[in-house]
Amino acid sequence: MKEGSNVSDTEVADARRVAAMERCPSDAPLDSSATRTILERYPRRDPGDLVNILHDLQAELRYLPEPALQETASYLGLSPTQVYGVATFYHGFHTEPRGEHTCTVCVGTACHVRGAARLLEQLERDTGVASGGTAADLSLNIEEVSCVGACAIGPLVIVDGDTHGHMTPDSLSRMVTKLLDTGEQE
Amino acid sequence: MTARLADAGALTRHREALAAGLSPSRGVIAVCVGTGCRANGALKVCEALRAEVEARGAAREVEARATGCQGFCQGGPLLLLVPEGVVYQHVRVADVPEIVEKTLLGGELVERLLFVDPVTDLQCRKEEELPFYRPQQRVLLGASGLLDPTSIDSYIALGGYSALARALEMGPEAVLEEVKRSGLRGRGGAGFPTGRKWEACRKAEGELKYVVCNADEGDPGAFMDDALLEGNPHSVLEGMIIGALAMGACEGHVYVRQEYPVAVERITRAVSQARELGLLGEAILGSELSFDLRVSRGGGAFVCGEASAMMASLEGRRGVPRRRLIHLSERGLWGRPTNLNNVETWANVPHIVLKGADWFASIGTEGSSGTKIFSLVGKVANTGLVEVPMGTTLREIVFGAGGGVPDGKAFKAVQTGGPSGGCLPADKLDLPVDFDTLEAEGSMMGSGGMIVMDEDTCMVDVAKYFLRFLASESCGNCTSCRDGLALLHDLLGDITEGRGTRATIALVEELADTVEATSLCALGTSAVNPVRSTLRYFRDEYLAHVDEKRCPAGVCKALISFSIDAERCNGCTLCAVRCPQDAVAGEKKQLHSIDQELCIKCGICKDVCNRDAVLVQ
């Protein structure tokens, strides 16, 4: 993260964390009624729906907090171990609080041969967040995906759901700086 | 809303009513909103077209329709004018008023939006004139560029679900016989004869049987299943309903990769539309067939493309493959007879039922009938989805449809078959692509990914890339796969980072044999293919890394250095400004130089230089 003002990095980080928490209190005490509402969409209580339920919970809560996993286990009549096992087996689920923005670098083969690894390195270098991780101030998650089917415009990066094609380390660097400073992509 | 279709006659009448409701002169301007075009801004183009058509009072004559993938991703966003067949490429919102004014109202073409054939320098007006489409036979993909994938009526109007009506008339045994005779083989990669699989499931004992659609397309660089699910979801559903009839299954699952949110949405919508019309549920089209479907999202695990791992995932467990001593057709999901086919396989079924096994078998080669969709990506001029008869040569695909390697670079290899496949060099380009030929050469057709690599691609790095992917996707069950792949990845890391010797290569080969021999599922046993094939065809690159500590392609960071060409540098300072390390020194209009101590080899200087003055050695 580039400097540019006379505020210290720690202060910026603290301010961001507070702002992020206000916007999305992902660490707030779990509202069990939200979990309940989602679980009740699956009245058959079929263990086969577990992965679908975890997706729905994560879409609502942004990650899978332990109490939600416990409640899911008892709702489906499964052991908490099984539910936790599933939640940690699949790459799509997170059991730790998530950041506000998500930057996903496509590392599919087509993007790889066009330099995706350089994008990932640049992103890690710029933000100090390792791939798969979340910034300490909860401002950003860095992820990888193996192909989203838009190979024609690779290498590409998806920022909060919007795809940006033909990225270079330099253009990515500028975009992410702007994203973290202003919340806007372009 | 249309009422439930009581029988096949009601379906025909519904189709006729749809046709009668449209003016025969009405044209369609089909905007491709497949993944590639959508990422390129196609949704905005479609919105603008609709608004402009409306504003000009032309909505009765022309429908601006968002369709699925039209295949030619390179030209995205794409427009197809129906019925004329004219293709416009790289369409921007700013082009919309002119398209409506000139083409839709004036009948003239907007010439700058036409594709120009780089060989003949001629403008291509119609789809069939584009070199990209010339070798193709778009049995499966053709409709996805025409219909509105969010509307079941759009599918029915084009003849959709008439194969189901025909299958119900034929009866399960005749349908099974037709699929068997067609020679259809599984499109997911394994190529097992579909008819035989169906027969085993049909014969298996059990009241409750399942059919499952494998839409967990995991091969990085392959997106044909996504295109089919997004662009023509009902064709996949229709195939599954026909399969359920043939096998006596009453419940089905579509297991979709979670990274394809639009595909999930489209197939979910298609299922509820089919249910409303009585094409799913009890007594389908008034017959004795009862069948319903659920859509399950994957959790983002490559290994779940393996059949037994997918069953585990569908049962709410970790996606760990199991030993299949008894076939899944006898004991699959919840211990019941289960038939699993890939998206593209299912999408072929309605065509086989309608046009017959002989028609299907007449396409392609003797052992591999029908067409196959390939996703042609990487260092190729025309990226996109190519559907060709099986047996088409690699050269026809890569250089015919694909237009070869761009930017005057030399072709090095084509990687086929995803992480389980291999890399084939230029002298293998005349091989026909089918289930069996490529396997004999150390690669495989697989699910149809085709990644083109040029002189700037390092083959050791590619092998390392696949191992990194597979090591992180290993479910962890077998020691040889879990630890072996990680170790192989590290050994290749030694080679790319200049620590490797010839002994490292020998160790890689030995370890590859062990992993292959002692892993349970195909993820482990085939994981060594990318290493083996690159060692087989590009051993000289490995040797350059270990003997000379040199990366011929200029990719492996530890073995390269950046410098500035004194002849070309004009001292514009761009590289110095952008260098994140302040490693570039030099006054304005003076020759710049790179401090090797500070340089982290990120390559930004090379990217930003307008004069090609940054050298990699």
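Me: Two residues are in contact if their C-beta atoms, placed from the backbone, lie within 7 Å. This model is predicted. Among contacts in chain A between residues at least 6 apart in sequence, what percentage join residues at least 24 apart?

Reply: Some background on chain A helps here: it has 8 helices and 4 strands, and along the sequence they run α-α-α-α-α-β-α-α-β-β-β-α. Of its 186 residues, 41% count as buried. Taking the contacts in chain A between residues at least 6 apart in sequence, the share that joins residues at least 24 apart is 63%.

Me: What separates the centres of domain 1 of chain A and domain 2 of chain A?

Reply: The domain assignment splits out domain 1 as 32-89 and domain 2 as 101-182 in chain A. Taken over C-alpha atoms, the centres of domain 1 and domain 2 of chain A are separated by 30 Å.

Me: Which residue of chain A follows A:Gly154 across a cis peptide bond?

Reply: Most peptide bonds are trans, so a cis one is worth a look. The bond that starts at A:Gly154 has omega near 0°. Its other end sits in the loop between strand 2 (140-145) and strand 3 (157-159) of chain A. That residue is A:Pro155.

Me: And in chain B, what is omega for the cis peptide bond from B:Gly76 to B:Pro77?

Reply: B:Pro77 is in the loop between strand 2 (62-67) and strand 3 (79-82) of chain B. The bond from B:Gly76 into B:Pro77 is cis, with omega near -10°.

Me: How does B:Lys549 count: buried, exposed or partly exposed?

Reply: B:Lys549 has a positive phi of about 50° without being a glycine. Its place is the loop between helix 22 (539-547) and strand 16 (562-564) of chain B. Buried takes 20 or more C-beta neighbours and exposed takes 12 or fewer. With 14 inside 10 Å, B:Lys549 is therefore partly exposed.

Me: Is B:Lys601 buried or exposed?

Reply: B:Lys601 also is not a glycine and has a positive phi, of about 60°. You'll find B:Lys601 in the loop between strand 18 (593-594) and helix 24 (604-608) of chain B. Because 21 other C-beta atoms lie within 10 Å of it, B:Lys601 is buried.

Me: How many residues does chain A bring to the contact with chain B?

Reply: Start on the other side: chain B puts in 44 residues. Several elements of chain B each supply at least two of these, including helix 2 (35-39), strand 9 (292-297), helix 17 (459-473) and helix 24. By class, the chain B side has 15 nonpolar, 20 polar and 9 charged residues. For chain A, the number of residues is 39.

Me: How many residues of helix 13 of chain B are buried?

Reply: Helix 13 of chain B covers residues 343-355, and most of it is covered. Among the buried residues are B:Trp346, B:His351 and B:Ile352. Just after the helix, B:Gly356 takes a positive phi of about 95°. Of the 13 residues in helix 13 of chain B, the buried ones number 11.

Me: Which word fits helix 10 of chain B against helix 11 of chain B: oblique or parallel?

Reply: Helix 10 (residues 233-247) and helix 11 (residues 261-276) of chain B have axes 9 Å apart and an angle of about 55°. Parallel would need an angle under 35 degrees, and roughly perpendicular starts at 65. So helix 10 of chain B is, relative to helix 11 of chain B, oblique.

Me: What is the handedness of the crossing of helix 10 of chain B and helix 11 of chain B?

Reply: Helix 10 of chain B makes this contact through B:Pro233, B:His234 and B:Leu237, and helix 11 through residues including B:Ile267 and B:Ala270. The contact has 6 nonpolar, 1 polar and 1 charged residues. The crossing of the two helices is right-handed.

Me: Is helix 18 of chain B roughly parallel or roughly antiparallel to helix 19 of chain B?

Reply: Helix 18 (residues 479-496) and helix 19 (residues 502-518) of chain B pack with axes 10 Å apart, at an angle of about 160°. The cut-off for antiparallel is over 145 degrees. That angle therefore makes helix 18 of chain B, set against helix 19 of chain B, roughly antiparallel.

Key: Residues are numbered from 1 along each chain as its sequence is written. Chains are lettered from A and ligands numbered from 1 in the order in which they are written. This is a predicted model: local features need pLDDT of at least 70, side-chain atom pairs count only at pLDDT 80 or more; totals for chains, interfaces and linings use all residues. Domain bounds come from an automatic or database domain assignment. Ala, Val, Leu, Ile, Met, Phe, Trp, Tyr, Cys and Pro count as nonpolar, Asp, Glu, Lys and Arg as charged, and the others, Gly among them, as polar. Axes are lines fitted to C-alpha atoms, for helices over the stretch in contact, and angles run from 0 to 180 degrees between N-to-C directions. Angles under 35 degrees count as roughly parallel, over 145 as roughly antiparallel, 65 to 115 as roughly perpendicular and the rest as oblique. A crossing is left-handed if the near helix is turned anticlockwise from the far one by less than a right angle, and right-handed if clockwise.
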